[in-house]
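Reader: Please present the structure, and then let us discuss its strands, helices and core in turn.

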Amino acid sequence: MFPIQIRDLRFSPNGRAVLDGIDLELGSEGITLVLGPNGAGKSMLLRVLCGLVAPTGGTIAWGEGARPERGVMMVFQHPMLLRTSVLDNVALGLKPLGVPAAERQRRARAVLERIGLAHRASENAPRLSGGERQRLALARAWLTRPRLLLLDEPTASLDPSAAAEVERIIREIRTDGTRILMVTHNLGQATRLGDDIVFLADGKVCEHTPTQRFFTRPQSTQARLFIQGELPWRMAF
Ligand SMILES: Nc1ncnc2c1ncn2[C@@H]1O[C@H](COP(=O)(O)OP(=O)(O)OP(=O)(O)O)[C@@H](O)[C@H]1O
Ligand SMILES: [Mg+2]
């Protein structure tokens, strides 16, 4: 499935270029962080990769062959939860894979242990807090052992300790061998988690570099201005 080679990817509904010729290559390992201003096309890039939206142009080459039918999962900023127990919500992720019910429950319990929600397993999922919901959604995706996990602002609106917990889970998922592509507006988080940074602006990739180089020596003017705007105490480049 890797490398994933994205060439001249376009999405232009009604003639307006939301993705304006994205070129990007993703290798088989690590966590890639996608940064960029509001409206840059970050969420749309994830949606197209996930297969939720058909691009209007360009190609995505998935390693050895066609796009894998399974193996790509996406977690949204506001995950959808069913009005049922935490355990059932997690086990749900395995249903499309044809795993028998008892095995689904067993594996869901095991993953709930790993994310520290085992004691809430029988509670009604919609009662969970924002941070707990996000952990549940990560657990649901993790359970399916995806090759590629797409995360769209998984810690937006979480308090620092909830965000730290979600970051810990994301690291564990990576250690388990899942490739991660994640959007964030939190630059501190990008430096903590990201092996490399993709900087998007106006539907284009302006920069794709290792994290440290991105923050110390951004190559594009857009990235420099973006970092300066977010980190005003880092004005000297
Ligand atoms: N289905 C759609 N049809 C047409 N335009 C869309 C569609 N979805 C999103 N857009 C537009 O595409 C642009 C990019 O949206 P996107 O959600 O990818 O931005 P983003 O980089 O994720 O921004 P943010 O940081 O605010 O989440 C926006 O101007 C948005 O209004
Ligand atoms: Mg977005």
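Author: Two strands are said to pair if DSSP finds at least two bridges between them. Helices (H or I, at least four residues) and strands (E, at least two) are DSSP runs, numbered from the N terminus. This is a predicted model, in which local features need pLDDT of at least 70, side-chain atom pairs count only at pLDDT 80 or more, and totals for chains, interfaces and linings use all residues. Residues are numbered from 1 along each chain as its sequence is written, while chains are lettered from A and ligands numbered from 1 in the order in which they are written.

Reader: Which residue of β4 does Q5 stand opposite?

Author: Strand β1 (residues 4-11) pairs with strand β4 (residues 57-62) in the antiparallel sense, over 5 bridges. β1 also pairs with strand β2 (residues 19-26), again in the antiparallel sense, over 6 bridges. In the pairing with β2, I4 stands opposite L26. In β4, the residue opposite Q5 is A61.

Reader: Which residue stands opposite D152 in β7?

Author: Strand β7 (residues 179-183) is largely enclosed by the rest of the structure, because 5 of its 5 residues are buried (20 or more other C-beta atoms within 10 Å of a residue's own, against 12 or fewer for exposed and in between for partly exposed, with C-beta atoms placed from the backbone). R179, L181 and V183 lie on one side of β7, and I180 and M182 on the other. Strand β3 (residues 31-35) and β7 run parallel over 4 bridges, with I31 opposite I180. β6 and β7 are also parallel, joined by 5 bridges, and the residue of β7 opposite D152 is V183.

Reader: How many residues of α4 are buried?

Author: Helix α4 (residues 130-142) has 13 residues and reaches 18 Å from its first C-alpha to its last; the expected span, 1.5 Å times one less than the number of residues, is also 18 Å. Its cover includes β5 (72-75), α2 (86-91), α3 (101-114), β6 (148-152) and α5 (160-175). Among its buried residues are E132, R133 and W142. The helix is largely enclosed by the rest of the structure, because the number buried is 11 of the 13.

Reader: Which element gives the most residues to the largest nonpolar core?

Author: A nonpolar core is a set of buried Ala, Val, Leu, Ile, Met, Phe, Trp, Tyr and Cys residues joined through C-beta atoms within 7 Å. The largest one has 65 residues, and those with the most contacts inside it are V34, L45, V90, L138, A139 and L150. With 6 residues, the element that gives the most to this core is α4.

Reader: Is R147 buried or partly exposed?

Author: R147 lies in the loop between α4 and β6. Leaving out residues up to four places away in sequence, R147 touches M1, P68, G71, T178 and R179 (contact being C-beta atoms, placed from the backbone, within 7 Å). Because R147 has 18 C-beta neighbours inside 10 Å, the class is partly exposed.

Reader: How many charged residues does the shell around ligand 1 have?

Author: Ligand 1 is surrounded by residues including P13, V18, G36, K42 and M44 (each with its C-beta atom, placed from the backbone, within 6 Å). Ala, Val, Leu, Ile, Met, Phe, Trp, Tyr, Cys and Pro count as nonpolar, Asp, Glu, Lys and Arg as charged, and the others, Gly among them, as polar. The shell has 4 nonpolar and 5 polar residues, and the number of charged residues is 1.

Key: Two residues are in contact if their C-beta atoms, placed from the backbone, lie within 7 Å.
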